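Colleague: I am a first-year student, and I would like a close look at how the helices of one chain are packed against each other. Could you take me through that part slowly?

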Amino acid sequence: MTNMNNHPYHLVDYSPWPLTGAIGTLTLVTGMVKWFHNFNMNLLILGYMITLLTMFQWWRDICREGTFQGKHTMLVSKGLRWGMILFIISEVFFFLSFFWAFFHSSLSPNIEIGSMWPPMSITPFNPFQIPLLNTIILITSGVTVTWAHHALMENNFSQTSQGLFITIMLGIYFSILQAYEYLEAPFTISDSIYGSTFFMATGFHGLHVIIGTLFLLICLIRHMNNHFSMNHHFGFEAAAWYWHFVDVVWLFLYISIYWWGY
Amino acid sequence: MASLCRQIIRGNAFKSVILSNARRGFADKMMPDPLEHATGLEKKELLALQSGDDDPFNMKVLKKKAGTKDMPTLVPSCFDARIVGCICDEHATAINWLWLHKGHPRRCECGHWYKLIEKTPL
């Protein structure tokens with residue numbers, strides 16, 4: 001009997017990251033509780049450090065396995081694709097619950113908020129100012145990420161970096177404008193159900209934009225280090241899928257919360 | 001005269017636009033051949049596909065041969081034995097599993113013969 005294998009599966013090596021990840025998230029949550037009760041962030045910061053180090057090193061290992069060890073056969077890649085698809089579907093349902101809360105409260109507004117939407121004495125944002133600009137920015141970034149993808153499929157190194165760079169810049173621009181709008185907001189998260197649903201939905205979307213921008217930034221760095229080829233770039237595709245998802249969520253947020261709810 | 005003008009314009013346009021851009025490094029940098037970029041098992045799989053083997057890991061359902069004792073269905077394996085699942089006829093609702101050992105052709109209950117052949121791992 002030979003001890004050689006003949007299968008396309010990736011049997012992963014022993015890794016400390018699941019354990020450090022568990023320790024990190026436990027520390028993070030405990031640290032958050034400690035922060036809320038004692039106004040002391042020390043344990044929270046330790047939790048952040050352990051979790052961030054785990055994330056960095058775990059994903060670094062995956063890049064090494066795929067790029068430098070050739071572990072990602074077609075079947076493995078298919079598994080990664082399914083993983084990303086299912087992850088994004090779970091995120092869709094995550095946002096669905098925020099939209100549910102929004103429509104529940106806005107379609108039949110309670111007497112407590114003046115039986116009207118936006119609630120009595122809430123001044124919402126004008127949807128045709130910064131939010132419309134943000135819509136244009138995100139749609140444009142969807143175009144540039146597609147440009148980068150097509151450049152990558154055509155083996156064009158320069159245009160892939162250019163397309164990715166512009167997409168990341170647009171993502172950062174979006175985040176800056178959202179931060180500016182949050183600072184200027186005439187209502188807060190504690191201002192009635194309007195503030196709660198508004199900041200919950202747009203806040204989580206903003207968090208996703210930041211994560212998506214980081215994901216694309218990692219792709220740009222990996223591209224600069226020649227990790228991708230025209231038929232081996234699933235990391236990039238996953239980032240692009242994620243970015244489109246964030247883009248589509250924004251369109252729904254814009255149409256229902258900013259525009260219809262104005 | 002017209003052709004002379006065309007030559008001048010074309011020549012200069014070619015030189016100034018295409019050549020100088022390339023010289024200044026404005027031309028797009030292209031990436032290397034994806035096969036050269038790949039490594040490990042991923043590369044072996046790509047090479048196998050390129051050489052016409054569309055099932056390098058023997059994952060697909062085997063096409064049955066005649067299945068007589070002289071002409072058994074050949075089952076490739078990198079090991080000394082492999083489990084075979086015989087779909088005895090196309091309407092079969094269950095699969096008949098049998099261990100197949102190297103050097104010992106085996107007959108399924110339905111009468112179909114199988115033989116293990118050695119295969120070097122990818």
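Modeller: What follows is a walk through the helices of chain A, pair by pair, with a few words on the backbone and on the partner chain. Please keep in mind from the start that this is a predicted model, and that the values below are computed from its atoms.

To set the scene, chain A has 7 helices and 0 strands, and its elements, read from the N terminus on, run α-α-α-α-α-α-α. The C-alpha trace of chain A spans about 80 × 45 × 30 Å along its principal axes.

Let us begin with helix α1 (residues 17–38) of chain A and helix α2 (residues 42–68) of chain A, whose axes are 7 Å apart and which pack at an angle of about 155°. Since an angle over 145 degrees counts as roughly antiparallel, this value makes α1(A) roughly antiparallel to α2(A). The crossing of α1(A) and α2(A) is left-handed, and the residues of their contact divide into 11 nonpolar, 11 polar and 3 charged.

The next pair is helix α3 (residues 74–107) of chain A with helix α6 (residues 192–224) of chain A, which pack at an angle of about 160° with their axes 8 Å apart. These two helices, α3(A) and α6(A), are therefore roughly antiparallel to each other, and their crossing is left-handed. If you look for the side of α3(A) that takes part, you will find residues including A:Phe94, A:Phe95, A:Phe98 and A:Phe102, and these belong to a group that meets residues of α6(A), among them A:Met200, A:Phe204, A:His205 and A:His208. Sorted by class, the contact of α3(A) with α6(A) has 11 nonpolar, 4 polar and 1 charged residues.

A third pair brings in helix α5 (residues 157–184) of chain A and helix α7 (residues 234–260) of chain A, whose axes come within 13 Å and cross at roughly 35°. Here α5(A) passes α7(A) in a left-handed crossing. On the α5(A) side the contact is made by A:Leu164, A:Thr167, A:Gly171, A:Phe174, A:Gln178 and A:Glu181, which meet A:Phe236, A:Trp243, A:Trp250 and A:Tyr258 in α7(A). By class, the contact of α5(A) with α7(A) has 6 nonpolar, 3 polar and 1 charged residues.

Two details of the backbone belong to this picture as well. A cis peptide bond, with omega about 0°, joins A:Trp117 and A:Pro118, and A:Pro118 is found in the loop between α3 and α4 (130–153) of chain A. The other detail concerns A:Ser192, which lies in helix α6 of chain A and has a phi near 60°, a positive value in a residue other than glycine.

Finally, chain A has a partner, and the contact takes 32 residues from chain A and 25 residues from chain B. Between them chain A and chain B bury about 2,400 Å², with 57% of that area on carbon and sulfur atoms, while the count of salt bridges between the two chains is 0.

Technical notes:
Residues numbered from 1 in each chain as written. Chains lettered and ligands numbered in written order. Predicted model: local features only at pLDDT ≥ 70, side-chain atom pairs only at ≥ 80, totals over all residues. Heavy atoms only, no water. Axes fitted to C-alpha atoms, helices over the stretch in contact; angles between N-to-C directions. Helix = DSSP H or I, 4+ residues; strand = E, 2+ residues; numbered from the N terminus. Parallel < 35°, antiparallel > 145°, perpendicular 65-115°, else oblique. Left-handed = near helix turned anticlockwise from the far one by under 90°. Nonpolar A, V, L, I, M, F, W, Y, C, P; charged D, E, K, R; others polar. Contact = heavy atoms within 4.5 Å. Buried area = accessible area lost by both parts, 1.4 Å probe. Salt bridge = Lys/Arg side-chain N within 4 Å of Asp/Glu carboxyl O.
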